[in-house]
Structure formats: C-alpha cells, structure tokens
Amino acid sequence: MLITIALLSGALFGLGIAVSGMIDPVKVQGFLNLFGEWDPSLALVMGGALLVFAPGYWLWRRLGHKQCALGSKLPKVPAPVIDKRLVLGALIFGIGWGFVGICPGPALGLLGSLQWQAGIFVLFMLGGFWLVGKVQR
C-alpha cells in the first residue's frame, strides 16, 4: 500500500509541476530574476500547494492524529538551526539552481522529455549526492 501511495503521490506531483510549467528552466530562471523581468508564477504555484496542504495538516493534527494516513508517525518539526553547513549547502544549491533553473524534483520530471541536458544534470546531481555521502563519513 505504501508503494502505491508513494507512486500515486509522485505521479500527481510530477503532473502538477508539468502542467504548471514549473519544469521549464526558463520559467524558473524568470522567477529567480528579481532585478529583471520577474515571473512570480512559481511563488503562486508554491502558495497554491500550501493553501491545499496547510489546512488539511492543521485539521489532521487538531483532530489528535499522531500518525499519517498510512500509519507512520508524523515527524516533529525540529527547531531551526542555522549553521555553517546549512548556509554553505544553501549557497551551493542556489548557485546551481540559478545557473540552470532546475532543482531536483523538476529535474527528474525533465528526464521524461529526453533532453540530453536533463540527463547530464541528473547525473551530476547524483554525483553530488554520492560525493556528500563520501565527505560526511
């Protein structure tokens, strides 16, 4: 059941970002271009997602549920810790996102377009994940 829900959720997410145009790197770069022709549509998509998620989550917790619908425990949100690793990671992520206009979720969606650039991005993204795993040991 968990795999089915994960598959359906991932498909719904992918369909949503594809329909909204948020897998288009040009669209994302327009959102990041604060000092040029700024495109606020990505903020509207994220805001729309929060408008759907937040009331449901709030109600679920308000009703006293301690587990998600599939039975696993709802995680506690930890207190924010802004440290050197967070800032460095955010800078690296932001630079990469700004250069190409792709972040991990949409990158996987772009693989379906069979664009060679998407494949290269995902290969290097996976290489980055691997490298961090080696460095953190």
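## A walk through an all-helix chain

Start with the whole chain shown as a surface: it exposes about 10900 Å², and carbon and sulfur atoms supply 75% of that area. Keep in mind as you go that this is a predicted model.

Now switch to a cartoon view. You will find 6 helices and 0 strands, so to speak a run of α-α-α-α-α-α from the N terminus on. The C-alpha trace spans about 45 × 40 × 35 Å along its principal axes. Of the 137 residues, 15% count as buried.

Next, select Leu42, Trp97 and Leu110. These are the residues with the most contacts inside the largest nonpolar core, which has 13 residues. Color helix H2 (25-32), helix H5 (104-111) and helix H6 (116-135), since each supplies at least two residues of this core. H6 gives the most, with 3 residues.

Stay on Leu110 and show its surroundings. Leaving aside residues up to four places away in sequence, Leu110 touches Ile23, Pro25, Ile102, Gln115 and Ala118.

Then move to the surface and select Ile82, Leu86, Val87, Leu91, Ile95, Phe99 and Val100. Together they form a nonpolar patch with about 720 Å² of accessible area. One of them, Ile95, is found in helix H4 (residues 84-100).

While you are on helix H4, pick Ala90, which also lies there. Is Ala90 buried, partly exposed or exposed? Ala90 counts as partly exposed because its relative accessibility is 45%. For a last stop, draw a distance from the C-alpha atom of Ala90 to that of Leu51: the two are 39 residues apart along the chain and separated by 25 Å.

Definitions and conventions: Residues are numbered from 1 along each chain as its sequence is written. This is a predicted model: local features need pLDDT of at least 70, side-chain atom pairs count only at pLDDT 80 or more; totals for chains, interfaces and linings use all residues. Side-chain values use heavy atoms; hydrogens and water are left out. Patches are made of residues with over 30% relative accessible area and no salt bridge: like charges are joined within 9 Å, nonpolar side chains (Val, Leu, Ile, Met, Phe, Trp, Tyr) within 5 Å. Accessible areas come from the Shrake-Rupley method with a 1.4 Å probe; for residues, only the protein chains shown count as cover. A salt bridge is a side-chain nitrogen of Lys or Arg within 4 Å of a carboxyl oxygen of Asp or Glu. Helices (H or I, at least four residues) and strands (E, at least two) are DSSP runs, numbered from the N terminus. Buried means under 20% relative accessible area, exposed over 50%, partly exposed in between (1.4 Å probe, protein chains only). A nonpolar core is a set of buried Ala, Val, Leu, Ile, Met, Phe, Trp, Tyr and Cys residues joined through side-chain atoms within 4.5 Å. Contact means heavy atoms within 4.5 Å.
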